[in-house]
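Hi everyone, thanks for making time. I've got one structure to walk you through, so let's put it on the screen.

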Amino acid sequence: MRIVSESLTNVVDSSAWLEYFAGGPNAEHFANAIEDTSALVVPSITLLEVFKRIARQRDEATALQYAAVMQQGRVVELDAALAIHAADLGLRHKLPLADSVIYATAQRARAVVWTQDADFEGLADVRYWPTPAR
């Protein structure tokens with residue numbers, strides 16, 4: 001039986017996508033949020049980050065396959081209003097650029113962020129699991 005994630009809408013950050021695709025130790029924490037595509041919102045910047053990392057580590061064909069999986073959710077483009085909101089969140093919470101866009105996208109969608117990126121730790125509406133020691 002598949003358990004649907006606890007929120008109505010989910011945003012999965014790049015670190016969680018990479019963990020899921022690699023089948024890493026934390027992948028199980030992110031699987032429900034990723035596999036419930038009807039409730040999945042994908043910030044376009046996560047497509048960029050994941051594609052770039054996979055293409056560099058493996059190859060472009062694999063990166064394209066993973067990008068296609070990600071696009072089964074609703075992809076949200078970065079527009080002017082979202083960019084300004086992300087900048088505000090970045091300043092307020094000391095978030096790097098991509099993380100601020102991911103967090104702003106989640107807020108706009110009233111979604112929970114699923115992550116293993118410590119930059120999100122302690123923020124509202126975030127489900128965080130530390131990266132396991134490898």
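I'll go through the sheet, then one helix, then the main pocket.

Quick caveat before we start: this is a predicted model.

Okay, the sheet. It's an open one with five strands, ordered 3-2-1-4-5, and the pairing is parallel. Strand 3, residues 74-76, and strand 5, residues 126-128, sit at the edges; each has a single partner strand, so one side of each has no neighbour in the sheet. From one strand to the next, the twist averages 30°. If you zoom in on strand 2, residues 40-43, three bridges tie it to strand 3, and the two run parallel. Pro43, for instance, has Val76 in strand 3 as its bridge partner.

Next, helix 6. How far apart should its ends be? With 13 residues, 97-109, at 1.5 Å a residue, the expected span is 18 Å, and the end C-alpha atoms are 19 Å apart, so that agrees. This helix is mostly covered, with ten of its 13 residues buried. Among them are Val101, Ile102 and Tyr103, and also Asp99. Right after the helix, Arg110 takes a positive phi, about 55°.

Last up, the pocket. The largest one comes out at about 340 Å³. There are 17 residues lining it, and the closest to the centre are Ser14, Ser15, Leu18, Glu49 and Arg53. Which helix gives the most to that lining? It's helix 3, with six residues. Helix 1, 14-22, and helix 3, 44-57, each supply at least two. For the chemistry, the lining splits into eight charged, five nonpolar and four polar residues.

Key: Residues numbered from 1 in each chain as written. Predicted model: local features only at pLDDT ≥ 70, side-chain atom pairs only at ≥ 80, totals over all residues. Heavy atoms only, no water. 1 Å grid on protein atoms, 1.4 Å probe; cavity = no way out; pocket = protein on both sides within 12 Å on 5 of 7 lines; lining within 4 Å. Points joined across faces, edges and corners; volume = space filled by probe spheres on them. Helix = DSSP H or I, 4+ residues; strand = E, 2+ residues; numbered from the N terminus. Nonpolar A, V, L, I, M, F, W, Y, C, P; charged D, E, K, R; others polar. Expected span 1.5 Å × (residues − 1). Buried < 20%, exposed > 50% of the residue type's maximum accessible area, 1.4 Å probe, protein only. Pairing = 2+ DSSP bridges. Axes fitted to C-alpha atoms, helices over the stretch in contact; angles between N-to-C directions.
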